[in-house]
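Biologist: Please take one part of this model and walk me through it closely. I would like to follow how the strands pair and what sits around them.

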Amino acid sequence: RRQRQMCIREEYNVNVNIESSRLAQRRFRCVINEDERLPDVLEQLCYLAPITYRIESSEIYISEKQTKK
């Protein structure tokens with residue numbers, strides 16, 4: 001988790017906020033190309049895991065996707 005946050009934070013100059021303790025324990029690995037936009041990278045993460053995100057200025061909030069019951 002720390003590596004993923006550091007990579008996104010440094011590459012896009014944003015703060016990453018994980019809004020779930022369970023999600024914070026997971027690890028994700030992917031390669032980010034230099035020309036990829038932040039929303040595209042976050043969409044890739046949504047494809048890999050049940051997460052949602054929102055961007056507010058220089059803050060990124062990542063949370064677990066709510067499952068429908």
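Modeller: Start with Ile18: its bridge partner in β3 is Ile62. Keep in mind that this is a predicted model. Ile18 belongs to strand β1, residues 15-18. β1 and β3 run parallel, and four bridges join them. Another pair to find is Asn17, which stands opposite Tyr61 in β3.

Now go across β3 to its other partner. Tyr61 also has Arg54 opposite it. Arg54 falls within strand β2, which spans residues 51-56. β3 covers residues 59-64, and its pairing with β2 is antiparallel, over six bridges. At one end of this pairing, Ile51 stands opposite Glu64 in β3. At the turn, two residues separate β2 from β3, and the two strands form a hairpin. Look at Ser57 there: this turn residue has a positive phi of about 60°.

Put the strands together. The order is β1-β3-β2, in an open sheet of three strands. The pairing is mixed: parallel between β1 and β3, antiparallel between β2 and β3. β1 and β2 stand at the edges, each with a single partner strand, so one side of each has no neighbour in the sheet. Neighbouring strands are turned by 20° against each other on average, with direction ignored.

Next comes the helix. α3 packs on this sheet and touches β2 and β3. The direction of α3 makes about 160° with that of β2. The helix runs over residues 38-48. Its buried residues include Leu38, Val41, Leu42, Leu45 and Cys46. These five cover an arc of only 145° around the axis, which puts them on the same side of α3.

Finish back in the strands, with a general point. In a regular strand, side chains alternate between the two faces of the sheet. One residue to inspect in β3 is Ser63. Is Ser63 buried or exposed? Its relative accessibility is 18%, and the cut-off for buried is under 20%, so Ser63 counts as buried. What is Ser63 in contact with, once its neighbours within four places in sequence are left aside? The list is Glu19, Leu23, Pro50, Ile51 and Thr52. Of these, Ile51 and Thr52 fall within β2, residues 51-56. Ile51 is also the residue that stands opposite Glu64 in β3.

Conventions. Residues numbered from 1 in each chain as written. Predicted model: local features only at pLDDT ≥ 70, side-chain atom pairs only at ≥ 80, totals over all residues. Heavy atoms only, no water. Pairing = 2+ DSSP bridges. Buried < 20%, exposed > 50% of the residue type's maximum accessible area, 1.4 Å probe, protein only. Arc of directions from axis to C-beta. Contact = heavy atoms within 4.5 Å. Axes fitted to C-alpha atoms, helices over the stretch in contact; angles between N-to-C directions.
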